[in-house]
Amino acid sequence: MKLSTRIALAVGVSVPVLVLASGWLLLHLVSSDLRTHQNDQLRARATVVAQNAKAYLDVAGTDHPLLKQVRRRRLINSARDVGVRLKGPQETISAGPQPDPDPTLPRNAPTPVTVTSGGKDWLVLSLPVGAAAKESNTPNLWLLSPDTAEDELALVRQRVLTGALVAAALAGATAWAVAARAVLPLRRLQRRTSGLDPRTSTVRLEHTPTRVTEVDDLAYTVQTVLARYDEQVARTGEALATARAFAATASHELRTPLMSMRTNLDILTDHPGLDPEDRAEVLGDLGREHARLLGLLVMLKALAQGDLIEADAFSPLDLGELVEASVSDLRRTRPDAEVSVRTTAGVRVDGWEQGLRSAVDNLLTNAWTHGRAEDGVARIEVTLRPPLGGREATAVLVVDDHGRGIPPESREEIFQRFHRGPDSPGSGLGLTLVAQQAALHGGHITVSDRPDGRPGTRFELHLPATGVQDMEYTLPLLHRDWLTRTPEQAPPGPFTKRT
């Protein structure tokens, strides 16, 4: 059923109900007013009639027939359209309209009461008139008036009912016409949206404000739903691409260590009497390849998680505590490292804790691996600088080492996926993961020489402090393809701040 039809039916039903309810209230008020008016008229007439009745009774027992006749006529004339019944000492006088048949009149009715006779209602009022009647308090004068209120009320009822029926038809027709015009913007919106199918077409709803709040809100809701559908389709596509890239990359990168391990296992199997030194060398190769394979899987998993992470995984966290925990793990797993730490308490950022921890771990592991001094000792200085304030306040994590340094022309290459130096034991994904997390958190990473002039490299990880992260880096707007992109699709250098 159309909305306009529903509105017309609702109005067509509700208006008569309202008319009938108003009519019932009107009848109640009119009935009360009519009763009061009739009673007041009867009382006013009773005052005049009582005076004439007393004057008549005063001369009724005397020898003044002419005066008696005059006062009797005056009594009858004062009644006019009201029935009068006066019980005197010698006779009973009846004048004016009288009920037929005669009802039993009330013995005491100083206020009007209703009496029914012959199917018709009469208002009756009784009074004691004359000295004898007043002394005994016995009514001897009755005034009778036809109750015309019911006839008038019946006419009002008929007109109210007629008005309700007419109002039902008129209100229904008017409501249908108004509603049909009012829902035109909604019908236009329905026609525009009926042809939209996100599965087969990229066409989306274009809506011009109609100044009808409900229609504009509905159009905005439809646009929002379609936009979220597009976002989810895009994220699903990215997730599938990441899964395929993970499988393809893993199968490609794991082939070499697996083949090497297979070769070493064949050597151990085919030469049971292998020289102990050669056997130890083969086992060492197996251990290194196993460690490389495991590290590669861990890095690929972390990189894929960064491409698939959603905004609800981000929360405020203390960056100083995270750095302290990462340094403690490095000291435990690499006891030969000499690490100095200077952090500031209360440096908070909005971040994904697991991703930031992985980035800091990889920065420290990179410094331990490639930042050894000439004496072979890995000396690492870690500094966490708090934000200086302002709209673009950032916290800066600085990692200095004492290695050979990185030439300026190679500083972009180290962040590319699977980039490894000739003597690197890693997977080539550690610094890629650091760059991914910097971009994911709306920050950036820089590479430079040590500022004190000594050999070594400085990495600076810049992260927006809590509450100042630029909306440009919110997750729904950030395209994440660190695992799926090819070298030709690599973005500008990650150590250059995005604007």
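How much of Lys-54 is accessible, and does this residue count as buried, partly exposed or exposed? In this predicted model, Lys-54 has a relative accessible area of 38% and is therefore partly exposed, because that class lies between the cut-offs of 20% for buried and 50% for exposed residues.

**Salt bridges**

The side chain of Lys-54 meets that of Asp-58 in a salt bridge, with N and O 3.4 Å apart. Both residues belong to helix H1, which spans residues 3-60, and they are separated by four residues, or about one turn of the helix. Asp-58 is likewise classed as partly exposed, at 44% relative accessibility.

A search of the whole structure finds 18 salt bridges, and two further examples link distant parts of the chain. In one of them, Glu-338 pairs with Arg-379, and their closest N and O atoms are 3.3 Å apart. Glu-338 lies in strand S7 (residues 338-342) and Arg-379 in strand S9 (residues 379-385), with these positions 41 residues apart in the numbering. Glu-338 is partly exposed, with a relative accessible area of 42%, and Arg-379 is partly exposed as well, at 26%.

In the other example, the side chains of Asp-400 and Arg-458 form a salt bridge at 2.8 Å, from N to O. This pair connects strand S10 (residues 394-400), which holds Asp-400, with strand S12 (residues 457-464), which holds Arg-458, and the two residues are 58 residues apart. Asp-400 has a relative accessible area of 6% and is therefore buried, and Arg-458 also counts as buried, at 17%. Elsewhere, Asp-329, Arg-332, Arg-357 and Asp-361 are joined into one network by salt bridges that share partners.

The table sets out the three pairs described above.

| Pair | N to O distance |
|---|---|
| Lys-54 and Asp-58 | 3.4 Å |
| Glu-338 and Arg-379 | 3.3 Å |
| Asp-400 and Arg-458 | 2.8 Å |

**A positive patch**

On the surface, a patch of positive charge is formed by Arg-181, Arg-187, Arg-188, Arg-191 and Arg-192. Helix H5, which covers residues 184-194, supplies the largest share of this patch, namely four residues. Arg-192 is located in helix H5, and its relative accessibility of 34% means that Arg-192 counts as partly exposed.

**An annotated span**

The unreviewed UniProt entry annotates residues 7-27 as a "transmembrane region". In the model, this span of residues 7-27 is 100% helix and 0% strand, and its end C-alpha atoms lie 30 Å apart.

Terms used
Residues numbered from 1 in each chain as written. Predicted model: local features only at pLDDT ≥ 70, side-chain atom pairs only at ≥ 80, totals over all residues. Heavy atoms only, no water. Patch = residues over 30% accessible without salt bridge, like charges linked within 9 Å, V, L, I, M, F, W, Y side chains within 5 Å. Areas by Shrake-Rupley, 256 points an atom, 1.4 Å probe, with all protein chains shown as cover. Salt bridge = Lys/Arg side-chain N within 4 Å of Asp/Glu carboxyl O. Lys, Arg positive; Asp, Glu negative; His and termini not counted. Charge placed at Lys NZ, Arg CZ, Asp CG, Glu CD. Buried < 20%, exposed > 50% of the residue type's maximum accessible area, 1.4 Å probe, protein only. UniProt positions renumbered as here; feature names shortened; annotations may be inferred.
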